[in-house]
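Subject: Two-chain model, handover and findings

Hello,

Here is the structure I said I would pass on. My notes on it come after the sequence and coordinates.

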Amino acid sequence: MGDTVMLAERPDVREEQAAPVTKVRGYWQTVGHRLRYDPVTLMFAAIVLLIVLAAVFAPLVAPFDPYKESIIGRLKPLGWRDHLLGTDELGRDMLSRLIYGGRVSLLMGVVPVLIASIVGGALGVIGGFAGGRTNTAIMRTMDVFYAFPSVLLAVAIAGAMGGGIINGMLALTLVFVPPMCRVAETATTQVRSLDFIEAARATGAGTLTIIRYHVLGNVLGPVFVYASSLVSVSILLASGLSFLGLGVRPPTPDWGLMLSTLRQSIYVVPTVCALPGVAIFITSICFNLVSDGLRSAMDVRL
Amino acid sequence: MLGYILRRILYAIPIAFGVSVVCFSLVYIAPGDPLQTVMPPDATAETIAIVKHAYGFDKPLPVQFVIWLGHVLTGDFGMSISTRRPVILEVTDALANTSLLALFAVPIAFSLGYAMGALAGCFPGRWMDRIVTGAAVVGVSLPNYWLGIVLVIFFAVEYMWLPATGMGPNGSTGFDILQWSNAKFLVLPVITLAMIPVGIIARSTRAAVAEVLSQDFVQTLRAKGLSEWTVIRHVLKNAAPQVLAVMGLQFGYLLGGSILVETVFTWPGSGFLLSKAIINRDVPVLQGTILTLSLIFVATNLVVDLVQSMIDPRIRRI
């Protein structure tokens, strides 16, 4: 869990306390220290950063205009003239479209997780701290949403609302609130029964103060790690939604949508048609591995 | 035991009820009036009012829900807007085709994942362990429909060994699994569907096996002089409930994942039906399919819990 009290129990930290020269690190310093010596996580974090930067600065990075069509240059293979990754069914440059497509995909990957962390986290803390009926009411409601396989729930909501970026994000948020709520609730329930909460209450701290200073610090760790693992799920689900036609509208470049439209052309340029999937796969696996690294660095068990 | 079974079933009922509430509300979160799709655009206000009354849309929502639930319980899911067939027929037809896929994909995925995980757990740090760790990360990061597209590109486009899409050769009626000309249409969708959960199941099996291996009784078994095979048999048996729980969950993902995989292969199953319903804005079909699939998932979870508690009575949750 995320408090220094428990870290002091760790043998490595105790050794450092015993040595007179080295100073005791705080929790976040320890996490930073561990991450610094984790080259695998750092490498994948660098790739994630690269993908994010490419998407943010797409106009500067992309070699061509992603919307510029060309009748003679349709469905060309890799390396055709200046088009490093070929062109799509309307003759638009694939590399540029992939770079621009990262914008929507990353947005759909991060925003729903962020909102769900706040909403689900808050619900979980409230339920876990209040306990009793409030907790039962919240958690049983979440159980209902748990009864849907996640893809199905996302498709159901986005499908009923009619697609589009906003609806897609809303659907994904709804998918992620229940598991996030469960993570926060478990962490809160564990902390609530610990002695230092009792001690804080004995010194006259109000409920809000206890939550603010004693509970949140212990809940944020698990919520953060879990959220980081959800980003790749969100990217996958979002690309699936746009593959089904529930995401952005053409001609906006988006990886899932590109896969769906290029599917008609697999007999012409098979490699080019598979490219958007490679982009999804690389992004998603990098987020996953970074999340795994964070989890072990932050010493969180979910 | 019987008491537990009854309690567990009773617990599933409110969940199923909640699921049906969510499915019912799908019609109402759809933009515009639920009648908009069936009414001609130039219908007068009076006609709309009459139709609304006829369909019961003028009643308060809870009343509508009870009426709807009554219909659903008697197997009446309404009419498909695009095909004008009863939704229940559409769903059952599609479900039969999805079951055919699952019939092959589920055993392949589960046995492969279990075997890999057990092997990795018994020999930690060896090559299988590394493969399992890698396969699990790849499995959760891979868009399964893309895997389908890649398989099609490889086996259908480049080498033309297997058909790319559909179910059976053109003009054929009925699917005869015993004929290769029919059965070959199954190969790619089944592989695609089966590959995704393998990594996760393997990783969970590995973790469960490793955990059991570290328990004291294993040492006792070894100290008694049992052969390594017998010890492993005991370990696998003790790891079974945990593995089963993961498999139940993965079955749900497989069910959900079939939406995209069936769309890629135009396999006429429930997932393909769903994606058609989305394109045609056919909300009754959407509602019926989602409800059926989720209820199957609820039932699977129920069965998994019961089987788990039969293997290991310690884990009864309620």
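The notes below go through the chains, the contact between them, and then some local features.

The model is predicted, and side-chain atom pairs were counted only at pLDDT 80 or more.

Chains

Chain A has 13 helices and 0 strands, so in sequence order its elements read α-α-α-α-α-α-α-α-α-α-α-α-α. Of its 302 residues, 47% count as buried. For contacts in chain A with a separation of 6 or more, 70% are between residues 24 or more positions apart.

Chain B comes to 11 helices and 0 strands, with the pattern α-α-α-α-α-α-α-α-α-α-α along the sequence. Buried residues are 37% of the 318 residues in chain B. Among chain B contacts between residues at least 6 apart in sequence, 73% join residues at least 24 apart.

Contact between the chains

The contact draws on 36 residues from chain A and 41 residues from chain B. On the chain B side, the elements giving two or more residues are helix H1 (2-29), helix H5 (127-141), helix H6 (144-158), helix H9 (228-264), helix H10 (270-279) and helix H11 (283-311) of chain B. By class, the residues on that side of chain B are 32 nonpolar, 8 polar and 1 charged.

Helix H10 of chain B deserves its own paragraph. In H10(B), 9 of the 10 residues are buried, so this helix is largely enclosed by the rest of the structure. The buried residues are Ser270(B), Gly271(B), Phe272(B), Leu273(B), Leu274(B), Ser275(B), Lys276(B), Ala277(B) and Ile278(B). What covers them includes helix H8 (150-161) of chain A, as well as helix H4 (87-122), H9 and H11 of chain B.

Nonpolar core

The largest nonpolar core has 154 residues, and Ala154(A) and Val155(A) have the most contacts inside it. H11(A) gives the most to this core, with 15 residues. What does Val155(A) touch, leaving aside its neighbours within four places in sequence? Val155(A) is in contact with Leu241(A) and Leu244(A) in chain A, and with Ile259(B) and Leu274(B) in chain B. Of these partners, Leu274(B) is also one of the buried residues of H10(B).

Helix packing

I looked at one helix pair in each chain.

In chain A, helix H11 (residues 207-243) and helix H12 (residues 255-262) pack at an angle of about 40°, and their axes are 7 Å apart. That angle makes H11(A) oblique to H12(A), and the crossing is right-handed. H11(A) makes the contact through Ala238(A), Ser239(A), Gly240(A), Leu241(A), Ser242(A) and Phe243(A), while H12(A) uses Trp255(A), Gly256(A), Leu257(A), Leu259(A) and Ser260(A). The residues of this contact divide into 6 nonpolar, 5 polar and no charged. Leu241(A) of this contact also appears among the partners of Val155(A).

In chain B, the axes of helix H8 (residues 216-223) and H9(B) come within 10 Å and cross at roughly 160°. H8(B) is therefore roughly antiparallel to H9(B), and it passes H9(B) in a right-handed crossing. Val218(B), Leu221(B) and Arg222(B) of H8(B) meet Val231(B), His234(B) and Val235(B) of H9(B). The classes here are 4 nonpolar, 1 polar and 1 charged.

Backbone and single residues

Most residues other than glycine have a negative phi, and most peptide bonds are trans. Two residues of chain B with a positive phi are listed next.

- Thr266(B) is not a glycine, yet its phi is positive at about 40°. Thr266(B) sits in the loop between H9 and H10 of chain B. Thr266(B) counts as partly exposed because it has 15 C-beta neighbours inside 10 Å.
- Arg281(B), which follows H10(B), has a positive phi near 50°.

Buried, exposed or in between: how does Trp68(B) count? Trp68(B) lies in helix H3 (residues 61-73) of chain B. Trp68(B) has 19 C-beta neighbours inside 10 Å, so it counts as partly exposed; the cut-off for buried is 20 or more. The C-alpha atoms of Trp68(B) and Gly256(B) are separated by 25 Å, and the two residues are 188 residues apart along the chain.

Regards

Definitions and conventions
Residues are numbered from 1 along each chain as its sequence is written. Chains are lettered from A and ligands numbered from 1 in the order in which they are written. Two residues are in contact if their C-beta atoms, placed from the backbone, lie within 7 Å. Helices (H or I, at least four residues) and strands (E, at least two) are DSSP runs, numbered from the N terminus. Ala, Val, Leu, Ile, Met, Phe, Trp, Tyr, Cys and Pro count as nonpolar, Asp, Glu, Lys and Arg as charged, and the others, Gly among them, as polar. A residue is buried if 20 or more other C-beta atoms lie within 10 Å of its own, exposed if 12 or fewer, and partly exposed in between; C-beta atoms are placed from the backbone. Axes are lines fitted to C-alpha atoms, for helices over the stretch in contact, and angles run from 0 to 180 degrees between N-to-C directions. Angles under 35 degrees count as roughly parallel, over 145 as roughly antiparallel, 65 to 115 as roughly perpendicular and the rest as oblique. A crossing is left-handed if the near helix is turned anticlockwise from the far one by less than a right angle, and right-handed if clockwise. A nonpolar core is a set of buried Ala, Val, Leu, Ile, Met, Phe, Trp, Tyr and Cys residues joined through C-beta atoms within 7 Å.
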